[in-house]
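Here's a quick briefing to read alongside the model. Have the viewer open, and let's go through the domain contact and then a few side-chain pairs.

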Amino acid sequence: MSNIKFEEFNISEEILKAINSLGYKNPSEVQEQVIPIALKGKDIIVKSQTGSGKTAAFAIPLCESADIDETEPQALVLTPTRELALQVSQDITNIGRYKKIRAIAVFGKQPISMQKKQLKQRVHVIVGTPGRTLDHIERGNINLDKVKYLILDEADEMLSMGFIEQVEEVIKAVPKNRITMLFSATIPESIEAICKQYMINPVKVEINPEKLTVDKIEQICYEVEEDKKISLLKRILYIDNPDSCIVFCRTKENVDSITVQMKNRHYSCIKIHGGMLQNDRLDAMDRFKKGEFRFLVATDVAARGIDVENITHIINFDLPLEKGNYVHRIGRTGRAGKQGKAITFVTHHEKKFLQAIEQYIGMEIPKGVIPTKEESEPFRDEFYKKHDAKPVIKKTKASNFSSDIMKIYISAGKKKKIRTLDIVGTICNIEGVSSEDIGIIDIQDNFSHVDIMNGKGMVVLEALKNGSIKGKTIRVEKANK
Ligand code: AMP
């Protein structure tokens, strides 16, 4: 963290207030470097890892420059995975909350019609995976005429996942007089080529990449045969007794099988991989983020960019064969100044891959001696004791705003011909409440959500208890999320 203050960026009160609610005291290095350049309207290439605070580095200038009254989207963010699209759209919503910025995520395996409806409302920022974003563009669901910021997040990952053509098609569809920001952990030639072709004199920023692996994360690896891995896992879990842990596997089949074996031992675990239904994937991630489960068994879909607080352990049940993935996986722990531990299992045949990883991170990973059953058994009771304790539900970032902002549910939406103006009019008629107190309004077919700001939520709830909008009786309550 730097010594400069967010106030020095010359950004509006609304954004500063949100940054404050999120608990950010000083800008991170990437924010310090990127925000002033982006606010000046220059193209920028940023080489930085996830966990550096790069989302806010683009979210702050996007939200600052957005014109809240404009009805068409003004910023488009592309991300490689659906989970990341959702997380980034939530981060932007949080930073833009007091300015009433609406950010939505669009991604595959979710009904396109549902997203189309969302896109019809006033949306300031769209965050999407390349394929689905292109699909919406081609169907005419997104008007790109007003887009002034284009962000390519985790660009190397998008390219390595084979999205290059879709990414280029999207770039071509966005107006040329825009600001383009590209974030990537590595800048291979294919990315250089994209930058040359689609960016104008980009400023290059590099944030020291290797710190991530060595400083805060204790690393250890065990040489173990395939059929002994599960018993090694058990012993390590007993001894280390992690609070919150991701177990990474190479294939979805392994994720399925390890999850079953862990569940058979009554471990509190949930899984995520690319073969699952989208809603199940999001639900699993959400529940793990909240702390409902101690263990997440995952393929690399959960490795990039995913931000879960207080993960104490990463276990590479299967060694990642792609060396960059090692860094991404272990970077899920040791975040925000906390310590973490990364434990890697390596079979005899995989030693050459381990060496490649060690070369890549510039250090030898200490080798551990496999604990015996006798050594681990005494820790068993402690492990299950922690297990049986009621999980402490972690606060989400959005909950930092909750003392000030209440989301209310109104049992009427588009089908009852409710429009934004009707909601604003009704709420402003309540004594002591003005339009300043109304935040983001989201009108769906059969219901609406409205953020009530400045601690006026209870006043509005009380006043609308037996109320109506446009002569239609409505039910109003505090929204679940
Ligand atoms: P990112 O690299 O965008 O995934 O961010 C990593 C984590 O750092 C997230 O949990 C952010 O909420 C958090 N973060 C971002 N900027 C700051 C900041 N200036 N101070 C403290 N935490 C931050």
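**Domain contact and side-chain pairs**

Putting domain 1 and domain 2 together buries about 1500 Å² between them, with carbon and sulfur atoms giving 47% of that area. Keep in mind that this is a predicted model. The chain is assigned three pieces: domain 1 (6-206), domain 2 (217-388) and domain 3 (404-478).

**Where domain 1 meets domain 2**

- The C-alpha centres of domain 1 and domain 2 sit 30 Å apart.
- On the contact itself, domain 1 puts in 18 residues and domain 2 puts in 19 residues.
- For polar contact, the count between domain 1 and domain 2 comes to 4 residue pairs, both partners being at pLDDT 80 or more.
- Two elements, α4 (82-95) and α7 (155-160), each give two or more residues to the side of domain 1 that touches domain 2.
- Of the elements on that side of domain 1, α4 gives the most, with 5 residues.
- Sorted by class, the side of domain 1 that touches domain 2 holds 8 polar, 6 charged and 4 nonpolar residues.

**Salt bridges**

- The whole structure has 32 salt bridges by the search.
- How many of them cross the interface of domain 1 and domain 2? The rule finds 1 salt bridge there.
- Glu83 and Arg281 form a salt bridge, and their closest N and O atoms are 2.7 Å apart.
- Another one to pull up is Asp404 with Lys17, a salt bridge whose closest N and O atoms are 3.7 Å apart.
- The cut-off for a salt bridge is 4 Å, so the Asp404 and Lys17 pair, at 3.7 Å, makes the list.
- Why does this pair tie together parts that are 387 residues apart in sequence? Because Asp404 is in the loop between α17 (380-388) and β14 (406-410), while Lys17 is in helix α1 (residues 13-21).

**Aromatic pairs**

- Searching the whole structure turns up 11 aromatic pairs.
- Take Tyr267 and Phe295: their ring centres are 6.0 Å apart and the planes are at 40°, so this pair is tilted.
- Tyr267 lies in the loop between α12 (252-264) and β10 (269-272) and Phe295 in strand β11 (residues 295-298), so the two rings tie together parts that are 28 residues apart in sequence.
- As a reminder on the descriptors, an aromatic ring pair is described by the distance of the centres and the angle of the planes.

Terms used:
Residues numbered from 1 in each chain as written. Predicted model: local features only at pLDDT ≥ 70, side-chain atom pairs only at ≥ 80, totals over all residues. Heavy atoms only, no water. Domains from an automatic or database assignment. Contact = heavy atoms within 4.5 Å. Buried area = accessible area lost by both parts, 1.4 Å probe. Salt bridge = Lys/Arg side-chain N within 4 Å of Asp/Glu carboxyl O. Polar contact = N/O pair within 3.5 Å; in protein donor to acceptor, adjacent residues only side chain to side chain. Helix = DSSP H or I, 4+ residues; strand = E, 2+ residues; numbered from the N terminus. Nonpolar A, V, L, I, M, F, W, Y, C, P; charged D, E, K, R; others polar. Phe/Tyr/Trp six-rings, centres within 6.5 Å; stacked < 30°, edge-to-face > 60°.
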